Amino acid sequence: MRIGITGGIGSGKSHVARMLHEQAGIPVYDSDRRARRLMTTDATLRKALTRLIGQHAYTPDGQLDRAAVAAYLFGGTDHAQAVNAIVHPAVRSDFRRWAEEQEQQGHAIVAIETALLMESHLDEDVDHIVLVDAPPELRLQRAAQRDAATMEATARRQQRQTPHTVLRQHAHYVIHNDGQPLAPQIATLLQEIGMSADMHPHIPQQLNHNPTCSTPS
């Protein structure tokens, strides 16, 4: 079984993914981290990005220049789409290989954490979509504080992502990260997808006590 964990910037999806890994032993594919690694190590990706952005996409020692890439992304209305057209297929293929490896090692459930689940068509590769949700103003505040960025810059990044109103229409489950306890919601989620909490003593036994993990109506 494959779970897609998604949500906009500042939603807390990384925290939820970390809890699933630490408390339930579910391997999680970090799409941002893996994408950066692929952009550095994959020769085909490097060639395509250099052709698109220029030689300055990489530092003299061969590392991805994230500042240069970010400047390109925000430099034109179609720039993000051009980069995504190169990177997303590579990440999707890499996730498929990774998931198969994890499943061969005996993991019945694996997960992927990504803000761009729909844009990269990774929603087609998972069995359940979990949206980590929070009010827009709270997400902006969290992201700006975390990245030491201005609210304006954070809002521009948020605008490049699928709105939560749309994500809710596709999500099978919603984790509410607006101050409500997360552990009981994760326990409920695990029960809903058929993973017994009894198998994982670190998950609180609160499955029937006001669970707040919800299924979109």
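Colleague: How much area does the protein chain expose, and what share of it do carbon and sulfur atoms supply?

Modeller: The protein chain exposes about 11200 Å², of which carbon and sulfur atoms supply 49%, with areas taken from the Shrake-Rupley method and a 1.4 Å probe, only the protein chains shown counting as cover for residues. This is a predicted model, in which local features need pLDDT of at least 70 and side-chain atom pairs count only at pLDDT 80 or more, while totals for chains, interfaces and linings use all residues. Residues are numbered from 1 along each chain as its sequence is written, and side-chain values use heavy atoms, with hydrogens and water left out.

Colleague: Why is A68 called buried?

Modeller: Buried means under 20% relative accessible area (exposed is over 50%, partly exposed in between, with a 1.4 Å probe and protein chains only); A68 has 13%, and therefore counts as buried.

Colleague: What does A68 touch, leaving aside residues up to four places away in sequence?

Modeller: A68 touches H56 and A57, where contact means heavy atoms within 4.5 Å. A68 and A57 are eleven residues apart in sequence, and their C-alpha atoms lie 5.7 Å apart.

Colleague: What makes a set of residues a nonpolar core, and which residues have the most contacts inside the largest one?

Modeller: Such a core is a set of buried Ala, Val, Leu, Ile, Met, Phe, Trp, Tyr and Cys residues joined through side-chain atoms within 4.5 Å. The largest has 32 residues, and M39, L49, I53, V83, V87 and F95 have the most contacts inside it.
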